[in-house]
Amino acid sequence: MASVETTERLGCSLGFFSTFAIGTGTMIGAGIFILPGIALADAGSGAIISFLLGGLISIATAISMSELATGMPLAGGSYYYISRTMGAAPGAVIGLGSWLALIFKGTFALIGLAEYAQVFYPLPLYFVAAATGVILLVINYRGAKSSGSLQNFIVIFLLVILSLFIARVSVMVNPANFSPATSYGMTSIITTAGVVFISYLGLAEAASVSEEVKNPSKNLPLAFIASAVVVTLFYVATMIVIVGFFNPQVTGKSVTPLADIAGLMAGESGRIAIALGALLATLSTANGAILSSSRFPFAMSRDALMPEWFVLIHQKFETPHNAILVTGIVMILLLFLFDIEELARLGGAFNILIFILLNMAVIILRKRNLPGYEPTFRDPFFPYTQIFGIVGSIVLLPLLGGLPLLFTVMMIFAGIGWYSLYGRGKAIPEYNLFDLLENTVEKKEMQPVSLVKVLVPISNQKHESDLLKLADFMGSEIICLHVIEVPDQTNLKLAQEAYHEKKIEMDCRFKEEFESYPTILGHKREYIAAFDHSISNSILEQAEIEHADMIIMGWHEPKRFEYSHGVTNQVLLSSKRPIALLKGHLPDSIHKILVGYNGKENSVYGLSLAEKLAVNTGAGIEIISIISPDESQENRQKITDELESLVGKISSIPVSFRVLTKYSIEDALLEASNNNDLTIIGDSSERFKISLLGTLSQRIARHSKKPIVIVKKSKPISKESFNYLVKKHARRIYARLRGKRVMINSDISAGLV
């Protein structure tokens, strides 16, 4: 029996937009609805410059983070980049501080949510904030899938509603309101830039999921830079229309200036629309803080800088419940300790320190080589980008006030103290900044990755042997994929470690069945356990990593099959690999294979698979083609000639064909399948059509009493396929119009005669 290689992988389920949405949603969420009132009260019309200054520093830092992330695309974000550049002690400072700054932002969002909730119904402010915090805590503790999946929708909704708000208010702007821009003093502008800096904490949050991003060399730089640019543009544009609409002295007294302006322009409906957007934004920001609560503690735990208790996985809900619980409780307690502006200053202060160190990290790594650090994106403006980011941040930090500065200093000492008491001697990395500067850091070895031909996703043990048998007949290299679905609240690496430590039970029967399966001699086999937030994403991703020639999956009714039709449909829509769906159980021996043939691409591919299957099983093939009784004799003869030609090309196995005359293709195929051991049909839908499985394929699979394999050469909707569709349907429309014109001309001619 051939040996089985075993591999474990973490899924990369985040594309460009998902990563962009995490950063943008966190930055533009609560801040854009709450901070304008605070900023106007502190800096007047100069608040526009404050947001622009904060945005420019964030864009510079986003460029630096893009370089760091493509060189170190691992969970932990800013903590990981700084700890690997400067050592475990600075890493402890940043890890603890980033986590606490994230909590500050979550509390800040809860208060903002409660403020905007007053638009709908006046309730005690802190009661609404605390109650919302408790609800979010329970949802994330239990691992509700929807708590993470709504992020993309919320971001799109916010960008749309803000775009409409900016466009509508811009026609009412009074230029006189913009001057003088420094009526509150230049110092107030810089100080306010530090206050609003909490908004840009989303960059660090987006970086913390780098390990789960597809194609990081492309998507990470695009997502980081696009997030910073888009958020800056929206903040500045929003501030311009708010200041231009009416006097900053009036606006600065309001906690909900956007809703107030919308109310004046569109009445109660406009006010409610903005308030609804604000509720979604603040809810998303607060939820994001809890959702990401395990990111920084987990990264520190992996480096022996945090007790494992903090990131333990719940046996039932599979979430890092301790991290979620602590984060949620601290968020709620902070509601009663600080007001909303103090929270903004505290969170912004540590965010500034993070930005300083991130920009410094790029400069250090450009001058000294860190083994394994090979960024695919390099800042073309180095070192000017980093110098601007560092200097701009340093100017902001001391102007935030005594309490934020004290908080930052205390977090530095707390981080160093924690490292000294808990992490010294065991924390990773073992080297420090001086080792890196002296180039004494050891290199790491890279592990080779093997390739396979046929990917078999497994979710049903009773069906596993059938899929493996079919894969064995179809290909010479087989990979069995078992996807462990992980809740959005749980870091993938953390889930993997929890499974290894047996803190969560994992069904090992799939692997045991695969190892004991009597494979054909000489076939290479590999077993992959993939940890992912999305089953369909994992199947697609692993198929691409392994360069699989095809994917073989099971087809079952939703109640019987763990991979729902939603998963199958997503794979069919997005896969670049051909797919075979097996319905039913393969017999112990296969003697007769029926192939439904209509000359289209999927049926041609099905016939080629049937030929390979027949060679390996010794079976014979019967090809049937069903034509309508109304078909012309000329077309019948053409179909018969084509089938004779196909049979003549297959000489190694017994092949026959029949042409059946039936109105119902479904009935004809089902009747013919009863006399064969296995039926193979190509999916009835077109290759480039936006459909899943054709209705004919589904009906046949649902009613057949014998095993059936449905094959489809899937191709995702691309620019080429879209153009194909447009041209194809344009030709059809043109032909129909031309036909109608000919008929009309004929009628006219007949009338004239």
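**Figure 1. Arginine 366 and glutamate 67 form a salt bridge in this predicted model.** Their side chains meet at 2.8 Å, N to O. A salt bridge here is a side-chain nitrogen of Lys or Arg within 4 Å of a carboxyl oxygen of Asp or Glu. The pair links distant parts of the chain, 299 residues apart. Arginine 366 sits in helix 16 (residues 340–367) and glutamate 67 in helix 3 (residues 47–71). Helices (H or I, at least four residues) and strands (E, at least two) are DSSP runs, numbered from the N terminus. Glutamate 67 is buried, with a relative accessible area of 1%. Arginine 366 is partly exposed, at 25%. Buried means under 20% relative accessible area, exposed over 50%, and partly exposed in between (1.4 Å probe, protein chains only). Residues are numbered from 1 along each chain as its sequence is written, and side-chain values use heavy atoms, with hydrogens and water left out. The model is predicted: local features need pLDDT of at least 70, side-chain atom pairs count only at pLDDT 80 or more, and totals for chains, interfaces and linings use all residues.

**Figure 2. Two further salt bridges involve glutamate 622 with arginine 658, and lysine 662 with glutamate 671.** The structure holds six salt bridges. Glutamate 622 and arginine 658 meet at 2.5 Å, N to O. This pair links distant parts of the chain, 36 residues apart. Glutamate 622 lies in strand 8 (residues 620–627), and arginine 658 in strand 9 (residues 655–661). Glutamate 622 counts as buried, at 12% relative accessibility. Arginine 658 counts as partly exposed, at 35%. The side chains of lysine 662 and glutamate 671 meet at 3.8 Å, N to O. Lysine 662 is partly exposed, with 37% relative accessibility. Side chains of opposite charge can pair when their charged atoms come close.

**Figure 3. The largest nonpolar core has 145 residues.** A nonpolar core is a set of buried Ala, Val, Leu, Ile, Met, Phe, Trp, Tyr and Cys residues joined through side-chain atoms within 4.5 Å. Phe33, Phe51, Leu68, Phe165 and Phe350 have the most contacts inside this core. Its largest share, 19 residues, comes from helix 5 (residues 88–117). Another core, of 49 residues, lies apart from it. Ile458, Ile478, Ala619 and Ile621 are among the members of that second set.

**Figure 4. Leucine 68 and its contacts.** Leucine 68 touches Tyr81, Leu358, Ala361, Val362, Leu365 and Tyr373, not counting residues up to four places away in sequence. Contact means heavy atoms within 4.5 Å. Across the protein, residues 24 or more positions apart account for 84% of the contacts with a separation of 6 or more. Buried residues make up 56% of the 753 residues. The protein has 29 helices and eleven strands.

**Figure 5. Six residues form a nonpolar patch on the surface: Phe16, Phe17, Ile156, Val160, Leu164 and Leu222.** Together they have about 520 Å² of accessible area. Patches are made of residues with over 30% relative accessible area and no salt bridge; like charges are joined within 9 Å, nonpolar side chains (Val, Leu, Ile, Met, Phe, Trp, Tyr) within 5 Å. Helix 1 (16–28) and helix 8 (151–170) are the elements that give two or more residues. Helix 8 gives the most, with three residues. Leucine 222 is found in helix 11 (residues 216–245). Leucine 222 counts as partly exposed, at 43% relative accessibility. The protein exposes about 31,800 Å², and carbon and sulfur atoms supply 61% of it. Accessible areas come from the Shrake-Rupley method with a 1.4 Å probe; for residues, only the protein chains shown count as cover.

**Figure 6. Cis peptide bonds precede proline 383 and proline 429.** The bond from phenylalanine 382 to proline 383 is cis, with omega near 0°. Proline 383 is in the loop between helix 16 and helix 17 (384–396). A cis bond also joins isoleucine 428 and proline 429, with omega about 5°. Proline 429 lies in the loop between helix 18 (402–423) and helix 19 (433–437).

**Figure 7. Alanine 304 and histidine 547 have a positive phi.** Most residues other than glycine have a negative phi, and most peptide bonds are trans. For alanine 304, phi is about 60°. Alanine 304 is in the loop between helix 14 (295–302) and helix 15 (321–334). Its relative accessible area is 23%, partly exposed. For histidine 547, phi is about 55°. Histidine 547 is in the loop between helix 23 (535–545) and strand 5 (550–554). Histidine 547 is partly exposed, with a relative accessible area of 46%.
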